[in-house]
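User: Could you take me through the empty spaces sealed inside this protein? I'd like a close look at the cavities and what surrounds them.

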Amino acid sequence: MEIPSKYSAQAVEGKWYNYWMSHNYFHSTPDKREPYTIVIPPPNVTGILHMGHMLNNTIQDVLIRRARLQGKNACWVPGTDHASIATEAKVVAKLKALGIDKNDLSREEFLKHAWEWTEEYGGVILEQLKKLGCSCDWDRTKFTMDEDMSEAVIKVFVDLHNKGLIYRGYRMVNWDPEAKTTLSDEEVIHVEKQGLLYYLEYKIEGSDEKLTIATTRPETIFGDTAICINPTDERFTHLKGEKVIVPICGRVIPIIEDEYVDIEFGTGCLKVTPAHDENDKVLGDKHKLEVIDIFNDDATLNSFGMHFEGQDRFVVRKAVTKELEASGVLIKTENHVNKVGTSERTKAIIEPRLSDQWFLKMEDLAKPAIDAVLKNGEVKLFPKKFENTYRHWMENIRDWNISRQLLWGQQIPAYFYGDGKEDYVVAENIEEAVKLARVASKSRELTADSLRQDTDALDTWFSSWLWPISVFDGIRNPENEEIKYYYPTNDLVTGPDILFFWVARMIVAGYEYRDERPFENVYLTGLVRDKQRRKMSKSLGNSPDALKLIEEYGADGVRVGLLLSSAAGNDLMFDEDLCQQGKQFANKIWNAFRLVQGWEVDETISQPNSSAIAIEWFESKFQQTLAEIEDHFSKYRLSDALMATYKLIWDDFASWLLEIIKPSYQQPIDSKTLESVNLIFEDILKILHPFMPFLTEEIWHYLKERSPEEALIIAEWPKAKPINEALILEFDFASDVISGIRNIRKQKNIAFKDAIGFSAVNNENVASTFDEVISKLGHLDSFEYVTEAVEGALTYRVKSNEYFIPMEGSIDVEAEIKKLTDELNYTEGFLKSVQKKLSNERFVAGAPEQVVTSEKKKEADALAMIETIKSSLASLK
């Protein structure tokens, strides 16, 4: 086969991916081999490939390809998450563009549109992962809204409810007014914002006295139901039992006392709005205060907002401020920085709101998951530093709000049979619900038409927390062959930002439903940032197009670029130059391969000793690197594993081994050396394959004709063999000797085609093992060991060994003397000018200290240089 002069990623990648797919190499079924299982962190069905996905999935592919080469039954399960809030928002936007209001549709009509949207756009990201080379078992692709996956979610809800762990409660929740749904605490991002503190005067009923309160939210006065003072605050003792009049709305509310009030903050008086602040709600319950909800679900004011009804909360804030100022109620404002809760998905500012929601009790469920990570080490986090974050979250866990006011998602399987809040049953289907409702209502007349299913959907995470179990049907069929074979999985690769959202909850579900861990190791990648350390995002426009990068640098180049600077848990400062480096590495390997394949073979010539010893050295060097790589993989230091491979190939293989064994110009190579170097190349391709799958498979098939059963993707990982450490050390010394020869040739302009003499004083007692290698790479016409220094020779040292290259015939002595004399004259002149400055007392006394120090250093350097030049001249004369 003719080998192209240049490596073309575009020509190679599609060819080999199709080859792998057509021969079913990615597919796994249970057998007698050791399983190695990864489940993909399911990207949102709305998503497209970004840099975070590229990094995360490259790492997973490296792990799965290595396991496959190690002879394990490697199974990487792909899939997508239905992403309730994000997807529903996309569908609503699409409907709006068509002139359709979501509220005008029935649930069934809306879901029809949602499924249409999902079918049109849902597979985009998985197709893009194929471009990166991801070797997922695509036959196993799952979607969290698949029928079997949804059945598992409903089954778990019913089970947890029957165990008394799921309950319905009227609680203060985080309300996203844009998505019009509640959010869990973990889906709220607290952002520091510059705002104002408004000082308002409330009139005491039946008195001319006024009370001043400070608030950040003047628009909520319509929901005020009390003013609270601290009982120990002597400033307000006389107001106990009094009432105040709320500005604008004129409602009369009591003054209550509670030690919750911070005497030092604001004015020491607190307005209490139980419907719109979690702490106020606690106070309200304690003091039995009225609860007045002033907001609609889109955060506009309702009828309690009086003449502001229908207006947005932030519009009202400005208008209310003006009205309060005009009426003399607003005394002053102050700048005030506070943390504002925002929706992770929509970025809308969260509104605390009282609502009937479904909750899952987490305290007892969390205990086995805490022990698994922090006590018995059944689940290991890499890097370990994230254990502290995990501990903080899990030991301060709150009940999980699992209901969402959305249509897209698994509908909560609660069926109401009466008008009361508690008149409901929970069942896996309507038929079962009817039976339970007849018993609960004591009415045999009840039918399916009499029941009303809860309209809320379950939180997306309530389906994805079952992912490692449900992808193998372990909830519906807990004793099936696949769950027993593949579970628990081995490695999970994900970002630390979802350590609690997803990772911790999967561990909880694993112990609750399988009584064992869902995975053994969690590799937490860093975030991908730009060179300015900014997180990559669409809004900043600093995130490159992932597919364009692949197009420009090849998938292998991008994979190498991402991994070269991606230590576990540390953020990656992405720079396209890294991908260029990856592409150059691919070209280096391709050129090395072409070089070897271009050599003519002569079966009649014997193997030179220099080639034999070089191959023996490289085989030990390879084994040493293999052990290093294995150690890096065991600690999830994938960047280090790649760097060790990179150096082995670039430095040891291409720069040293190939140079040593390379035949002279237009001369053939012996067959034994070529056979050995081809076997070495095969081992190199095996350890490189997980990182650069396309390039390696291409070269593998060029090395010799292979059947599908002999493809690199399913080849055998190199076996560990004894390492000759002494030989490696001897070569390290020899390489320094060779570098010394090359440096002198370069400095003295001695052409490599000119052979030179060479002598050594062997004070180190170094073995002569690599003398022939030194002679070949140094192009020496003689190499002798001497006991004393050689006069009139160029010299250098390696440790205590001294090496000599005779000048006669090597250099033009007269030209060298002239060059050194000119250099000496220049340096002596320079020294005089420096010494003249330093002898000037006014300069030394008046110049800054660092300037004087700098001049003194110049003097010392010039004196040393003059000494060196004079010594060199003496050896030439």
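Analyst: Here's a walk through the cavities, one after the other. Keep in mind that this is a predicted model, and every value here is computed from it.

Let's start with the idea behind the search: rolling a probe the size of a water molecule over the atoms shows where empty space is left. Counting cavities of 30 Å³ or more, we get two.

Take the largest cavity, which has a volume of about 110 Å³. Its lining is made of 14 residues, and the ones nearest its centre are Val766, Ala767, Asp771, Ile774 and Tyr785. Which parts of the fold do the walls come from? Helices α22 (725-747) and α23 (771-778) and strand β31 (801-806) each chip in at least two residues, and α22 gives the most, with four. As for chemistry, ten of the lining residues are nonpolar, two are polar and two are charged.

Now on to the second largest cavity, at about 40 Å³. Around this one you'll find Thr144, Met149, Ala152, Val153, Ser463, Leu466, Trp467 and Ser470. Two helices, α6 (147-162) and α13 (467-470), each supply at least two of the lining residues. The largest share belongs to α6, with three residues. Sort this lining by class and you get five nonpolar residues, three polar ones and no charged ones.

So to look at them yourself, find Tyr785 for the largest cavity and Trp467 for the second largest.

Methods. Residues numbered from 1 in each chain as written. Predicted model: local features only at pLDDT ≥ 70, side-chain atom pairs only at ≥ 80, totals over all residues. Heavy atoms only, no water. 1 Å grid on protein atoms, 1.4 Å probe; cavity = no way out; pocket = protein on both sides within 12 Å on 5 of 7 lines; lining within 4 Å. Points joined across faces, edges and corners; volume = space filled by probe spheres on them. Nonpolar A, V, L, I, M, F, W, Y, C, P; charged D, E, K, R; others polar.
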